Amino acid sequence: MSGENEMTDKLALVSHPLCPYVQRAAISLAEKDVPFERLAIDLANKPAWFKAISPLGKVPLLRVQQNGEATAIFESVVILEFLEETLANPLHPADPLARARHRAWIEFGSAILNAIGRLYSAPTEVAFLAESEGLSAMFDRLEIELTAGRAGPWFAGERFSLVDAVYGPIFRYFDAFDRIGEFGILSGKPRVEAWRKGLHERKSVKNAVAPDYPQRLHAFLQAKGSHLSKLTRRNEAATALP
């Protein structure tokens with residue numbers, strides 16, 4: 001754990017309020033009980049300092065100050081692995097085969113996020129239904145995986161892992177979708193639903209977003225100009241948020 005003591009008070013997570021990839025890192029840091037600064041930026045109007053240190057122009061970005069020097073780490077999976085390698089309270093399993101399996105399901109989580117993006121961006125009802133079916137099939141696959149020899153509330157059973165940190169932000173989208181309509185994407189998947197419920201109640205997952213996150217996400221979905229945006233406006237009276 002060399003360098004751990006020098007780093008713990010000098011981590012800054014550059015964020016956007018809605019980014020699920022930022023939430024992964026925030027959950028990991030909370031689970032490891034590590035203090036960090038959170039810096040929110042406007043991705044529509046990126047500050048010059050951010051563009052100078054973010055090669056891809058994306059969040060999250062982790063700024064690490066160590067031995068008087070600042071280093072920027074980009075890409076959420078790289079940030080998660082860096083935190084695993086440098087901080088206590090590992091979230092990955094120790095066994096290499098189990099760890100590889102976890103990493104693979106983290107990649108699957110990224111594919112689900114891409115599918116969610118296609119769903120809320122789908123311009124027509126036909127496209128929306130096609131994306132909805134594709135997303136449902138991905139969760140069918142996850143339901144099978146959760147059935148295999150697992151005893152406990154989390155992906156790996158009793159122990160909260162990085163896979164859980166990745167899927168907490170994924171299920172948050174479904175809280176918003178459920179306010180808009182019944183799309184049935186998670187229907188008939190009791191293990192997925194139980195996992196979703198456990199993650200919803202986990203302190204680190206709850207605290208990974210600001211209290212106004214539901215309102216912000218609702219406004220974002222409404223402004224997309226997509227089929228879901230139309231449904232959002234149509235149901236606004238019924239789904240009005242405080």
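Averaged over the protein, this predicted model has a pLDDT of 91, and 93% of the residues score at least 70. The domain assignment splits the chain into domain 1 (10–86) and domain 2 (96–234). Most of what follows is about how those two meet.

**Confidence**
- Helix α9 (residues 203–206) has the highest mean pLDDT among the elements, at 98, while helix α1 (residues 4–7) has the lowest, at 43.
- The pLDDT stays below 50 over residues 1–8, though this stretch still has 18 contacts in the model beyond near neighbours in sequence.
- Where pLDDT is low, don't read the predicted coordinates in detail.

**How the domains meet**
- Measure from C-alpha centre to C-alpha centre and domain 1 and domain 2 are 22 Å apart.
- On the contact count, 16 residues of domain 1 touch 24 residues of domain 2.
- Together the two domains bury about 1700 Å² between them, with carbon and sulfur atoms giving 62% of that area.
- Leu18, Arg24 and Ile27 are the trio to look up: they supply 35% of the area domain 1 buries against domain 2, more than any other three residues.

**Polar links**
- You'll find two salt bridges between domain 1 and domain 2.
- Arg103 and Glu81 pair up through their side chains in a salt bridge, at 2.9 Å from N to O.
- Six residue pairs make polar contact across the interface, both partners being at pLDDT 80 or more.

**Domain 1's side of the interface**
- Helices α2 (20–31) and α4 (76–86) each put in at least two residues.
- The largest share, nine residues, comes from α2.
- By type, this side has nine nonpolar, two polar and five charged residues.

Conventions. Residues numbered from 1 in each chain as written. Heavy atoms only, no water. pLDDT = per-residue confidence, 0-100. Helix = DSSP H or I, 4+ residues; strand = E, 2+ residues; numbered from the N terminus. Contact = heavy atoms within 4.5 Å. Domains from an automatic or database assignment. Buried area = accessible area lost by both parts, 1.4 Å probe. Salt bridge = Lys/Arg side-chain N within 4 Å of Asp/Glu carboxyl O. Polar contact = N/O pair within 3.5 Å; in protein donor to acceptor, adjacent residues only side chain to side chain. Nonpolar A, V, L, I, M, F, W, Y, C, P; charged D, E, K, R; others polar.
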